Amino acid sequence: MLMTQITLNVENKAILPHLKKILNAIDGVTIAPAKRKKRIPGIEEAFEDVRAGKIRHYDNVDDLFRSIGI
């Protein structure tokens with residue numbers, strides 16, 4: 001069975017219990033738990049940048065300054 005999924009963004013958290021109660025009363029409607037984005041530690045994020053080629057290497061600080069026009 002193919003289900004249609006709708007995402008709702010609710011600014012006022014105070015209405016969530018009422019909204020959930022209304023939605024649960026409708027036959028065939030279920031509420032899926034919210035998916036939280038996995039937090040990536042800083043070092044892992046840095047390794048991802050390296051793998052993606054988002055870094056630059058300079059032999060010394062003079063090369064760095066020269067590359068940015070200083």
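**Figure 1. Helices along the protein chain.** In this predicted model, the protein chain contains three helices and zero strands, and reading along the sequence gives the pattern α-α-α. Two of these elements return in the views below, namely helix H2, which spans residues 42-51, and helix H3, which spans residues 61-67.

**Figure 2. Overall dimensions and surface of the protein chain.** The radius of gyration of the protein chain is 24 Å, whereas a compact globule of 70 residues would have a value near 11 Å. Taken along the principal axes, the box filled by the C-alpha atoms is roughly 70 × 30 × 20 Å. Of the 70 residues, 0% count as buried, and the protein chain exposes about 7,600 Å², of which carbon and sulfur atoms supply 56%. The side chains include 12 positive and 9 negative ones, and the centres of these two sets lie 11 Å apart.

**Figure 3. His57 in the loop between helices H2 and H3.** This view is centred on His57, which lies in the loop that runs between helix H2 and helix H3. His57 counts as exposed because its relative accessibility is 67%, and the cut-off for that class is over 50%. Along the chain, His57 and Gly28 are 29 residues apart, and their C-alpha atoms are separated by 56 Å.

**Figure 4. The salt bridge between Arg66 and Asp63.** Side chains of opposite charge can pair when their charged atoms come close. The count for this model comes to one salt bridge, formed by Arg66 with Asp63, whose closest N and O atoms are 2.5 Å apart. Both residues belong to helix H3, and because they are three residues apart there, about one helical turn separates Arg66 from Asp63. With a relative accessibility of 57%, Arg66 counts as exposed, whereas Asp63, with a relative accessible area of 23%, is partly exposed.

**Figure 5. A nonpolar surface patch that includes Ile70.** Val61, Leu64, Phe65, Ile68 and Ile70 together make a nonpolar surface patch of about 470 Å². Among these residues, Ile70 is placed in the segment that follows helix H3, and Ile70 counts as exposed because its relative accessibility reaches 71%.

Note on methods. Residues numbered from 1 in each chain as written. Predicted model: local features only at pLDDT ≥ 70, side-chain atom pairs only at ≥ 80, totals over all residues. Heavy atoms only, no water. Helix = DSSP H or I, 4+ residues; strand = E, 2+ residues; numbered from the N terminus. Rg over C-alpha atoms; globule rule 2.2 N^0.38 Å. Buried < 20%, exposed > 50% of the residue type's maximum accessible area, 1.4 Å probe, protein only. Areas by Shrake-Rupley, 256 points an atom, 1.4 Å probe, with all protein chains shown as cover. Lys, Arg positive; Asp, Glu negative; His and termini not counted. Charge placed at Lys NZ, Arg CZ, Asp CG, Glu CD. Patch = residues over 30% accessible without salt bridge, like charges linked within 9 Å, V, L, I, M, F, W, Y side chains within 5 Å. Salt bridge = Lys/Arg side-chain N within 4 Å of Asp/Glu carboxyl O.
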